[in-house]
Amino acid sequence: MIEQKIRLDGKVAFITAGANGIGAGAAINIARFGGDVAIADIDVKRGEHVAEAIRALGRRALFIETNVFDTAQIEHAVARTAEHFGRLDILVNNAGGTRRKPFVDQPERSWRRVIDLNFVSMLAATQSAAKAMISSGNGGTIINIASSEGLRAAPGYAVYAACKAGMVSFTRTMALELAEHGIRVHVLAPDMIDTEGLRAVSAIASAEENAARDRYIPLQRVGEVDEIADVIVFLASGMASYLTGVMIPVDGGTIASSGWTRTEASGDWSLYNR
Ligand SMILES: NC(=O)c1ccc[n+]([C@@H]2O[C@H](COP(=O)([O-])OP(=O)(O)OC[C@H]3O[C@@H](n4cnc5c(N)ncnc54)[C@H](O)[C@@H]3O)[C@@H](O)[C@H]2O)c1
């Protein structure tokens with residue numbers, strides 16, 4: 001049946017930072033479509049809560065307390081997932097985030113942490129998961145959560161943006177290196193998605209910036225976690241069997257608009273935001 005192609009029955013997913021926000025949305029949506037899920041996160045309470053929600057959907061779930069700053073913990077979590085479920089089919093590299101600060105004012109310790117959280121964690125999880133997928137012989141899907149900031153300049157977010165741009169490049173190379181093993185690799189570039197992470201950044205943006213947000217987004221609203229999670233399910237499913245190495249901006253049209261926004265007075269599109 002054609003409808004079965006979107007189903008993830010029998011597949012096992014591993015998600016970094018899956019206790020909250022986009023990661024939790026991805027975990028629950030994968031379960032809704034039939035997959036079993038392991039969540040690696042530092043937040044035990046919320047991680048166990050997401051695992052419970054997945055079990056309530058009739059799927060198997062495993063929460064593994066993991067600090068992604070420690071690559072050994074990531075490797076251990078991936079290995080435990082493959083052992084517990086007997087396979088690994090989907091990796092979602094979701095861990096990431098940053099604080100706003102001009103680069104010249106950012107201490108080395110701080111920017112190294114941004115690289116470890118956003119980029120190094122992806123390298124470690126990809127290497128471990130790809131090895132497990134290759135040895136299973138079942139192929140798999142790796143989905144990296146980058147950002148629209150990786151596709152444009154991002155004042156105040158220089159190192160974060162560079163990491164996200166690196167994720168796009170890494171995705172394309174992995175798509176080629178892993179193609180012969182039937183492993184498809186993709187990257188999503190969300191812009192503004194309603195999560196605690198976004199709310200923390202917005203809280204330090206000016207009131208003027210926050211008010212201008214909906215005029216800046218062509219679809220005129222911030223995105224929902226489920227709108228990222230649906231794309232993740234699609235990419236992991238048989239519906240996307242001939243896609244690899246793709247970058248999808250799940251952003252309400254902001255990357256397409258590339259600087260065009262609606263003016264406050266008339267609502268007309270303008271490049272200069274009069
Ligand atoms: N929300 C957005 O608007 C947006 C936009 C673009 C890209 N993104 C990207 O999406 C991803 C998820 O963002 P979000 O907004 O859902 O985040 P969030 O802040 O809502 O959730 C972050 C999760 O990461 C976990 N975490 C934090 N530090 C950790 C650590 N050291 N080890 C393990 N887990 C840790 C937290 O416990 C939490 O569960 C990030 O990579 C982010 O860069 C988000």
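**Exercise 1. Find how many bridges join strand β5 to strand β6, and name the partner of Thr-141 in β6.**

Step 1: Locate β5 at residues 140–145 and β6 at residues 183–188; strands are DSSP runs of E, at least two residues long, and helices are runs of H or I of at least four, both numbered from the N terminus.
Step 2: Six bridges join these parallel strands. Two strands pair if DSSP finds at least two bridges between them.
Step 3: Thr-141 has Arg-184 as its bridge partner in β6.

A note before you go on: this is a predicted model, where local features need pLDDT of at least 70 and side-chain atom pairs pLDDT 80 or more, while totals for chains, interfaces and linings use all residues. Residues are numbered from 1 along each chain as its sequence is written.

**Exercise 2. Work out which strands stand at the edges of the sheet.**

Step 1: Write down the order of the open, parallel sheet: β3-β2-β1-β4-β5-β6-β7.
Step 2: β3 (61–65) and β7 (247–248) each have a single partner strand, so one side of each lacks a neighbour in the sheet.

**Exercise 3. Check the length of α1, then decide how covered this helix is.**

Step 1: The expected span is 1.5 Å times one less than the number of residues.
Step 2: For the twelve residues of α1 that gives 16 Å, and the end C-alpha atoms are 17 Å apart, which agrees.
Step 3: Eleven of the twelve residues are buried, meaning that 20 or more other C-beta atoms, placed from the backbone, lie within 10 Å of their own (12 or fewer is exposed, in between partly exposed).
Step 4: Among the buried ones are Ile-22, Ala-27 and Ile-30.
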